Amino acid sequence: MIFRSLITFALLFLSAAFASAFPFKTIGLVSAWDPEMKALKRAVLSGNTKVRDTEIDGTVFSEVQQNDRRLVFWMSGVSMVNAAMSTQLAIDRFHPDAILFSGIAGGLDPAFQPGDVVVPMKWIHQAEAAWLNPNSEHPGSYVIPEYFHPRYPNFGNIFPDDVWVVRKGETTPRQVHAFAVDGALLDAARITAPKISILRTDGTKAKVLVGGTGMSGPIFLDDRSFRDFAFQKWHARIHEMEGTAIAQVGYANRVPILIIRALSDLAGGQSGVNQEEKNSELAAGNAAEVTAKILEQIEYAH
């Protein structure tokens with residue numbers, strides 16, 4: 001009983017703190033590809049919603065007025081460059097106060113199964129790295145360039161590094177290890193998570209985790225050895241192909257970001273063939289449902 005009271009108090013405190021955050025009058029809603037976007041629109045919009053479409057450089061942006069706020073939907077396209085380009089385009093043309101991404105991912109944390117949802121608090125690059133030659137004079141080691149000073153564990157000859165970034169209001173690039181999502185949006189996710197009731201692909205109740213690290217790269221990850229490395233050394237819970245790019249663009253422009261991902265597969269941790277295609281519809285629906293509930297919490301708070 002005491003524990004339950006403490007949880008209730010904590011959720012009320014978070015709700016009050018979130019309500020004091022600045023209002024989000026225009027919210028961008030993004031998915032990478034069509035099944036994710038269809039699930040997102042089903043979860044967020046009613047059947048008779050009026051939508052205004054605008055095509056810019058091949059990307060279609062759909063504007064919806066929902067109560068006193070504007071929602072702008074678009075598909076980022078799959079992978080990092082596409083996600084970065086479309087997100088910057090949306091920021092320049094529609095000036096969103098916040099951006100939420102809804103989609104699927106591969107699971108790295110063995111505690112999670114397909115259908116579970118993860119809302120990371122920070123995002124790191126998977127492929128920002130130096131690939132080095134082996135050192136023939138010292139077997140098991142590598143030839144390190146003079147400029148490079150490894151700071152992180154390596155995966156064979158691949159030595160991860162941080163990306164150089166410059167952001168709005170600054171002129172000097174600096175290296176960033178992880179891009180944090182917005183604290184107020186993360187609080188909304190924390191308040192929402194205990195209220196969610198969704199299922200895994202095996203029919204059991206799905207988990208909704210808020211926190212931890214997400215990892216992205218221009219690679220469909222289906223490799224057990226790298227999966228284990230990423231979880232053990234980087235504590236990354238999920239891997240996908242757009243999140244860190246969107247988080248970096250949000251960081252550079254000082255636009256609040258939140259990324260909601262449901263597991264469609266285990267990124268190589270499964271036995272046999274990867275089941276991403278089989279599980280993607282359910283996973284996309286789970287991510288969309290959590291995203292819709294977070295949007296409701298944002299509206300309630302304001």
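R151 comes out at 46% relative accessibility, so we call this residue partly exposed. Keep in mind, everyone, that this is a predicted model. The side chain of R151 meets that of D161 in a salt bridge, with N and O 3.5 Å apart. R151 sits in the loop between strand 8 (129–131) and strand 9, and D161 in the loop between strand 9 (158–160) and strand 10 (163–165), so the contact ties together parts 10 residues apart in sequence. And is D161 buried or exposed? D161 has 19% relative accessibility and therefore counts as buried; the cut-off for buried is under 20%.

Let's stay with charged pairs for a moment. Searching the whole structure turns up 15 salt bridges. One of them joins D68 and K25, whose closest N and O atoms are 3.4 Å apart. Here the two ends come from distant parts of the chain, 43 residues apart: D68 is in the loop between strand 3 (59–66) and strand 4 (69–75), while K25 is in the loop between helix 1 (2–19) and strand 1 (26–31). K25 is partly exposed, at 41% relative accessibility.

Now for a pair of buried partners. R261 and E240 form a salt bridge at 2.6 Å, N to O. Because R261 belongs to strand 16 (residues 257–265) and E240 to strand 15 (residues 236–240), this bridge ties together parts 21 residues apart in sequence. R261 has a relative accessibility of 1%, so R261 counts as buried, and E240 is buried too, at 4%. There is also a wider network here: salt bridges with shared partners join E36, E240, E242 and R261.

On to the strands, and to strand 7 in particular. Which strands pair with strand 7? Strand 7 (residues 122–125) pairs with strand 12 (residues 179–180) in the antiparallel sense, over 2 bridges; there, K122 has A180 as its bridge partner. Strand 7 also runs parallel to strand 14 (residues 213–216), and 4 bridges join these two. In that pairing, H125 is matched with S216.

Last stop, helix 3. For you geometry fans: this helix covers residues 80–94, and its 15 residues at 1.5 Å each should span 21 Å, which agrees with the 21 Å between its end C-alpha atoms. Which residues of helix 3 are buried? They are M80, A83, S86, T87, L89, A90, I91 and F94. As a general reminder, an α-helix has 3.6 residues a turn, so residues three or four places apart point the same way. Just past the end of helix 3, H95 takes a positive phi of about 50°.

Thanks, and I'm happy to go through any of these on screen.

Technical notes
Residues are numbered from 1 along each chain as its sequence is written. This is a predicted model: local features need pLDDT of at least 70, side-chain atom pairs count only at pLDDT 80 or more; totals for chains, interfaces and linings use all residues. Side-chain values use heavy atoms; hydrogens and water are left out. Two strands pair if DSSP finds at least two bridges between them. The expected span of a helix is 1.5 Å times one less than its number of residues. Buried means under 20% relative accessible area, exposed over 50%, partly exposed in between (1.4 Å probe, protein chains only). A salt bridge is a side-chain nitrogen of Lys or Arg within 4 Å of a carboxyl oxygen of Asp or Glu.
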